[in-house]
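Here is a short briefing for a first look at this structure. Keep the view open while you read.

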Amino acid sequence: MATEILPCHRYDGLQPQGTTNPAISTCETMSPDLGKFREKSAEHGWLIQGGITLGGTFDLLHHGAHPQLYIGQNPTYRANGYVTTTYDLSRVGFAGASQLVFNANVQRFWYAGENPTGFAINSLYVSQRFNEGRVQLQYGFEELGNQFYGFALGTSSTTSPAGVGSSIPYEVGFIFNKTAPEINLRLASANKHFYERIGVTRSVDPEGAQADWDHNNFLGLKWHIPGAKALFINELGYQVEAAPSQRMMWLRQGVMYNESRFSRFRGGYAGGNYAYYLVGDYQFFQTDAAKPYRGFYVNVKADYAPPDRNVYTGDIGATLYVLGPFGQPDDALALGYTFNRLSRSSQRMQQASGIAAVDYSRNYALSYVYRVARGVYLSNQLSYTANPIQAPKQPEALTWMSSLSLSY
């Protein structure tokens with residue numbers, strides 16, 4: 001007997017294609033059908049999804065400070081609401097499996113040093129796939145970090161709170177919070193396992209995320225920002241999805257180059273900036289033959305950027321994680337370690353000004369993402385950090401982060 005395909009699984013065919021952070025299935029939202037709205041929309045080629053995330057980070061050692069110097073030093077709250085819309089462009093004559101993707105959000109951060117607050121469009125692009133998906137072309141406005149590196153663990157965005165962390169790609173130029181013009185091309189081998197992906201976008205403002213936010217327009221669709229030039233990225237990878245008798249593996253290495261000018265710590269400017277990254281995920285074994293994504297995994301990473309113009313100049317890390325632990329198929333458990341090398345040039349500059357500075361930090365994190373109900377996830381993370389910021393030197397931090405996400 002053929003297995004009946006639920007309508008919500010059919011809607012998933014309209015989800016954004018090509019991103020490294022896959023969206024939650026419409027079957028896993030609080031209301032898969034949204035009455036009849038999702039069905040009627042899908043009949044005309046549209047899919048609308050969204051969500052709300054509320055969270056906070058708290059220092060369990062009570063290292064409060066005024067002014068606050070890092071996330072969680074004082075109780076730190078955040079809220080985010082977003083909507084994602086796609087449209088099947090093949091209905092209006094676009095070649096291949098073509099899609100228009102739109103994403104916008106409203107975010108509020110109580111600690112200004114964490115991220116800017118306000119409204120922004122994060123995505124407005126066209127994605128086209130050809131040759132059975134082996135060729136993918138994307139162009140428009142997007143946060144290019146969604147297409148490269150792979151910052152989430154697991155099979156959907158619900159596990160992202162336990163994901164891979166590195167500040168280096170963003171320090172070197174990835175846009176975050178708003179968007180930028182970009183184009184990228186992904187080419188895959190005949191078996192779709194080997195791939196190469198090349199992209200170019202506008203860099204983030206070299207003065208940082210807040211400056212980029214302030215210099216962009218209200219919608220976040222400004223083509224040019226003074227001082228922010230082209231950012232190029234090339235990623236080579238090998239990817240195998242989890243399947244019965246096939247364990248997941250994803251190896252990728254990338255090179256980034258930013259044409260913008262960056263201040264050198266010893267004075268003057270560098271004519272550009274660059275970074276290298278190497279990231280790998282591997283599934284040791286599967287725990288559920290019917291759901292092959294469930295099992296034990298490891299993620300390892302290494303990143304590098306030149307120390308004369310970047311505070312964070314190198315990191316290595318490893319995360320052991322379990323998808324579907326304790327008989328809970330939609331939960332995720334992760335234990336991670338990261339060592340960050342901070343710039344000694346920056347350290348010496350700070351010390352010359354009489355400020356105590358450090359040249360490394362270490363972080364240990366234990367995370368659990370719990371499925372409360374369909375479309376409702378609660379994430380908790382306990383994190384211990386030696387040297388939470390470079391300067392001024394701070395005591396070790398023990399922080400607790402909780403977040404609640406609702407998907408519709």
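A polar contact is a pair of N or O atoms within 3.5 Å. The first topic below uses that idea. The model is predicted.

**Helix α5 and its ends**
- Helix α5 covers residues 344-352.
- Ser343 caps the N-terminal end of α5. A side-chain oxygen of Ser343 lies 3.2 Å from the backbone nitrogen of Ser345.
- Ser345 is also one of the buried residues of α5, along with Ser346, Gln347 and Gln350.
- Gly354 comes just after α5 and takes a positive phi of about 85°.

**Strand β14**
- Strand β14 spans residues 312-323 and holds Leu320. Thr319 lies in β14 as well.
- Thr319 has 14% relative accessibility, so Thr319 counts as buried. The cut-off for buried is under 20%.
- Leu320 is partly exposed because its relative accessible area is 49%.
- Thr319 touches residues beyond four places away in sequence, including Leu153, Tyr297, Val298 and Leu335.
- Thr338 is 19 residues from Thr319 in sequence, and their C-alpha atoms are 8.5 Å apart.

**Nonpolar surface patch**
- Leu320 joins Phe284, Phe285, Phe296, Leu335 and Leu366 in a nonpolar patch on the surface.
- Together these residues have about 560 Å² of accessible area.

**Strand β16**
- Ala373 sits in strand β16, which runs over residues 360-373.
- Ala373 counts as partly exposed because its relative accessibility is 32%.
- Thr29 is 344 residues from Ala373 in sequence, yet the two are 9.3 Å apart in space, C-alpha to C-alpha.

Definitions and conventions: Residues numbered from 1 in each chain as written. Predicted model: local features only at pLDDT ≥ 70, side-chain atom pairs only at ≥ 80, totals over all residues. Heavy atoms only, no water. Helix = DSSP H or I, 4+ residues; strand = E, 2+ residues; numbered from the N terminus. Buried < 20%, exposed > 50% of the residue type's maximum accessible area, 1.4 Å probe, protein only. Polar contact = N/O pair within 3.5 Å; in protein donor to acceptor, adjacent residues only side chain to side chain. Patch = residues over 30% accessible without salt bridge, like charges linked within 9 Å, V, L, I, M, F, W, Y side chains within 5 Å. Areas by Shrake-Rupley, 256 points an atom, 1.4 Å probe, with all protein chains shown as cover. Salt bridge = Lys/Arg side-chain N within 4 Å of Asp/Glu carboxyl O. Contact = heavy atoms within 4.5 Å.
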